[in-house]
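Trainee: I have a model open and would like to learn how to read it. Could we go through a few features together?

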Amino acid sequence: MSKAAAHALRAASVGVQMRQRWILEGVDVAIPPAAWTAIVGPNGAGKSTLLRALAGLQPLARGHVELLGQPLAQWSRRARARQLAWLGQGEAAPTDLRSYDVVMLGRLPHQGWLAAPSAADHAAVAQALHATHAWAWRERPLAQLSGGERQRVLLARALATQAPVLLMDEPLANLDPPHQGDWMATVRQHIAQGATVVSVLHELGIALQADRLIVMQAGRVLHQGATADAATRAALEAVFDHRIRVRQVEGKWMAFLE
Amino acid sequence: MPRSAINWLGSALVLASLGLLVLGIAVGSTGLESLWRLPHDAVARQIVWEIRLPRSLGAWLAGALLGLAGAVSQGLFRNPLADPYLLGSASGAALGSAVALVFAGAAPAGVLWLARLGMTGMAFAGAAAAVFLALMLAQGAQQGLRLLLAGVVVGVVLGAVRDALELRYPDILQPMKAFGLGSTAFVGWPACALMLGTWLLCAGAAWGLARALDGLALGEATAASLGLPLGPMRLGLIAVLALATGTAVAQTGLLAFVGLAAPHLVRSLVQAPHRISVLLASGMGAVLLLAADILARALLAPQELPVGVLTALLGGSYLLLLMYRRRSRDWSS
């Protein structure tokens, strides 16, 4: 892993076009390593598209993306998959695969083409399932789990990849507050181990706990900076037309409806 | 628990296959008699060795190919209703076979090696073309319902082209009729050898590409993020689907629902990664079709029901049951 890279991910003048409409335009983003960055903004601002672009899952009309200091296109498919894990939003079909097998898919980038899972693979899967408190239903098919349970298995799948960069689109969907707290603890633990986490979040209260915010509006990045900066919080209020207020309660930044 | 369930189902399928093969040798227009007289009667030997054994084996192999094709298409298109028939690939294969018949001017009983191979090749080409046509119409495999509709449209259109061919070349009318009903009666040793070779090839390829199917279950983006080369893997799986369907259709005609029912039955019994479930579905299809074939021979003995009629009846009922049970569950995804 190239620790030397100043940025875990960097997007340079990225543009994405869909049906003659610019979904993203002139987006420059720098994501520092070993930190949690949250992408926020109103509906349709292009948050998910930016995340997909950063993951190399979105064809770009303009610009390029660098992962750990190297353009995405120069990474081999498998090497990239070992460095960057992806958790999408509402993608998984109600599959009959057992949760354990689903999480084991996260180990694909580490396995030979037809090789059986190694002891390290099994250990990583067990660790990930424990981390998201999903170990208890490892034998159950994904299709038979509730929305929240399924989300925790899918999160474990992303964690099992043990990639230093983890991108998550709406990871809190279907999670109740205690498990949202668990999710934050998992993220913090990940960061402490040197990993980089980028997440698209609708829950502003959670997003404000992130180290950095990328504030988006209408396909452009309005502001990016540390959550501790007053300017970042002002940008957040502005992007929601000042219909929310960001205030500190018991040492934590919170968003309130006007 | 799941490991043992998989082993249990695997062993049950092997045992059922062996038992049904023995039964398949014993059942026919001359009944068990042929079996008793086997050691000292040349005619009995011929009946068992040249007719019953190859057609029983052929039914098993055709079922194995269809079960495999069904499991691959359901995984590939992330659609529990995908099946070689509903995707139009079987109609494509039938059209390919009809074109081959026009050129060869031979009845399906003419089991010349080259003719068999040519017909299988044409059926393969037809099946592959139909799948691509359906994919083009549906603009990709993402939308399940759209893909199914496209498959139905392709099936109907290709069926109409086949009808037009039959009218223009009445010589092929009779063999194509038998073909449309689906029958294992014309399967001889060359057809068995061809299907066995294809099955080994397709099962091996499906086993090797099964990871793509597992990955796709988590969604397109996630599968891509796992470093799977989705493009080539998808093409490979479509080739497997078309080759398996084409080969089975060229030898036995149109046998509906085997490819749809086999993976469903397997999934209702065990939950396994595709590497295993694809092979189990293949075995399940083999057992289903062989059992149906024996039933078709025995029900009206010494007359014989075309096995395609029986699979359509049984499979149709199964699909209805499935729809009834699934009513409360998510249909479209």
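Mentor: Happily. Let's begin with a strand: Trp36(A), Ala38(A) and Val40(A) on one side of β3(A), and Thr37(A) and Ile39(A) on the other, are all buried, so both faces are covered. Buried means that 20 or more other C-beta atoms lie within 10 Å of a residue's own, exposed means 12 or fewer, and partly exposed lies in between, with C-beta atoms placed from the backbone. Strands (E, at least two residues) and helices (H or I, at least four) are DSSP runs numbered from the N terminus.

Trainee: What should I know about the model and its numbering?

Mentor: This is a predicted model, in which local features need pLDDT of at least 70 and side-chain atom pairs count only at pLDDT 80 or more, while totals for chains, interfaces and linings use all residues. Residues are numbered from 1 along each chain as its sequence is written, and chains are lettered from A and ligands numbered from 1 in the order in which they are written.

Trainee: Which strands are joined to β3(A) by bridges?

Mentor: Two strands pair if DSSP finds at least two bridges between them. Here, β3(A) (residues 36-40) runs parallel to β8(A) (residues 196-200), with 4 bridges joining them, and Thr37(A) stands opposite Val198(A). Another 4 bridges link β3(A) to β9(A) (residues 212-217), also parallel; there, Leu213(A) is the bridge partner of Ala38(A).

Trainee: How many Å should helix α4 of chain A span?

Mentor: The expected span of a helix is 1.5 Å times one less than its number of residues. Because α4(A) has 13 residues (119-131), it should span 18 Å, and its end C-alpha atoms are indeed 18 Å apart.

Trainee: Which residues of α4(A) are buried?

Mentor: They are Ala124(A), Val125(A), Ala128(A), Leu129(A) and Ala131(A). These cover an arc of only 160° around the axis, so they sit on the same side of α4(A); the arc is that of the directions from the helix axis to the C-beta atoms. The face turned away from that buried side carries the exposed Ala119(A) and Ala123(A). Among what covers the buried residues are α3 (99-104), α5 (147-160) and α6 (177-192) of chain A.

Trainee: How many residues of chain B are in contact with chain A?

Mentor: Two residues are in contact if their C-beta atoms, placed from the backbone, lie within 7 Å. In this model, 23 residues of chain B are in contact with 25 residues of chain A. On the chain B side, α8(B) (189-217) and α9(B) (220-225) each supply at least two residues, and α8(B) gives the most, with 5.
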